[in-house]
Amino acid sequence: MNAIMQEKRLTQPQQAAAVPKLPHNLTLESRSTLTATGVVRVISCDEQTAALETQQGNLLIGGQGLQVSELSMESGAVKIFGQIEYLQYSQPSQSAGGFFRRLVR
């Protein structure tokens with residue numbers, strides 16, 4: 001039993017090291033400037049919504065007059081200006097092929 005527990009402890013850190021994780025933080029200043037780190041990619045952005053994929057799930061930002069002013073994919077940092085009204089997290093959606101495969105079976 002101890003050998004199995006030791007084996008699991010050794011394999012878990014190796015798996016974590018294989019996928020580099022960027023630290024994910026949000027800084028909101030006066031509801032007009034949002035700085036997000038740990039951003040994997042920008043899914044979409046317009047004047048009313050911005051959708052970001054982060055290490056902690058998808059982040060939806062809603063408001064008025066939103067503009068992405070800074071974007072660094074190397075460091076995973078994004079800066080958004082505008083009137084920010086809400087922030088909402090969700091889990092990344094699975095591929096459509098997986099759903100349809102299960103439906104057809």
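## Exercises on a six-stranded sheet

Gln67 has a relative accessibility of 54% and counts as exposed, because the cut-off for exposed is over 50% relative accessible area, with buried under 20% and partly exposed in between (1.4 Å probe, protein chains only). The model is predicted, so local features need pLDDT of at least 70 and side-chain atom pairs count only at pLDDT 80 or more, while totals for chains, interfaces and linings use all residues. Residues are numbered from 1 along each chain as its sequence is written, and side-chain values use heavy atoms, leaving out hydrogens and water.

**Exercise 1. List the elements of the protein chain and put the strands of the sheet in order.**

Step 1. Start with the elements, which are DSSP runs numbered from the N terminus: helices are H or I with at least four residues, strands are E with at least two. The protein chain has two helices and six strands. Read from the N terminus, they follow the pattern α-β-β-β-β-β-β-α.

Step 2. Now look at pairing, which requires that DSSP finds at least two bridges between two strands. The six strands form an open sheet in the order S1-S2-S6-S5-S4-S3, and the pairing is antiparallel. Its edges are S1 (25-29) and S3 (39-45), each of which pairs on one side only.

Step 3. Add the geometry. From one strand to the next, the twist averages 35°; axes here are lines fitted to C-alpha atoms (for helices, over the stretch in contact), and angles run from 0 to 180 degrees between N-to-C directions.

**Exercise 2. How many bridges join S5 to S6, and which residue takes a positive phi in their hairpin?**

Step 1. Recall the background: strands of a sheet pair through backbone hydrogen bonds, either parallel or antiparallel.

Step 2. Count the bridges. S5 and S6 are antiparallel and share 12 of them. As one example, Glu70 has Lys79 as its bridge partner in S6.

Step 3. Inspect the turn. Four residues lie between the two strands of this hairpin, and Gly76 has a positive phi near 75°.

Step 4. Check the other side of S6. There, S2 pairs with S6 in the antiparallel sense over four bridges, and Thr33 is matched with Phe81.

**Exercise 3. Find the salt bridge and say where its two residues sit.**

Step 1. Set the criterion: a side-chain nitrogen of Lys or Arg within 4 Å of a carboxyl oxygen of Asp or Glu. Side chains of opposite charge can pair when their charged atoms come close.

Step 2. Search the whole structure, and one salt bridge turns up. Its partners are Arg41 and Glu53, with the closest N and O atoms 2.7 Å apart.

Step 3. Place the pair. Arg41 belongs to S3 and Glu53 to S4, 12 residues apart in the chain. Those strands run antiparallel and are joined by five bridges, S4 covering residues 49-54. Another link between them is the bridge from Val39 to Thr54.

Step 4. Judge the exposure. Arg41 is partly exposed at 43% relative accessibility, and Glu53 is likewise partly exposed, at 22%.

**Exercise 4. Which residues make up the largest nonpolar core, and which strands each supply at least two of them?**

Step 1. Define the set: buried Ala, Val, Leu, Ile, Met, Phe, Trp, Tyr and Cys residues joined through side-chain atoms within 4.5 Å.

Step 2. Collect the members. The largest core holds 11 residues: Leu34, Ala36, Val39, Ala50, Leu52, Leu59, Ile61, Leu66, Val78, Ile80 and Ile84.

Step 3. Assign strands. S2 (33-37), S4, S5 and S6 (77-90) each give at least two residues to this core.

Step 4. Zoom in on one member. Leaving aside residues up to four places away in sequence, Ala50 touches Ser44, Cys45, Leu59, Leu60, Ile61, Leu66 and Ile80; contact means heavy atoms within 4.5 Å.

**Exercise 5. Is Thr33 buried or exposed, and what does Gln67 touch?**

Step 1. Thr33 lies in S2. At 12% relative accessibility, Thr33 is buried.

Step 2. List the contacts of Thr33 beyond four places in sequence: Thr27, Leu28, Lys79, Ile80, Phe81 and Ile84.

Step 3. Turn to Gln67, which lies in S5 (residues 57-72). By the same sequence cut-off, Gln67 touches Lys79, Ile80 and Phe81.

Step 4. Finish with Gly65, also placed in S5. Gly65 is partly exposed at 38%, and its contacts beyond four places in sequence are Glu47, Phe81 and Gly82.
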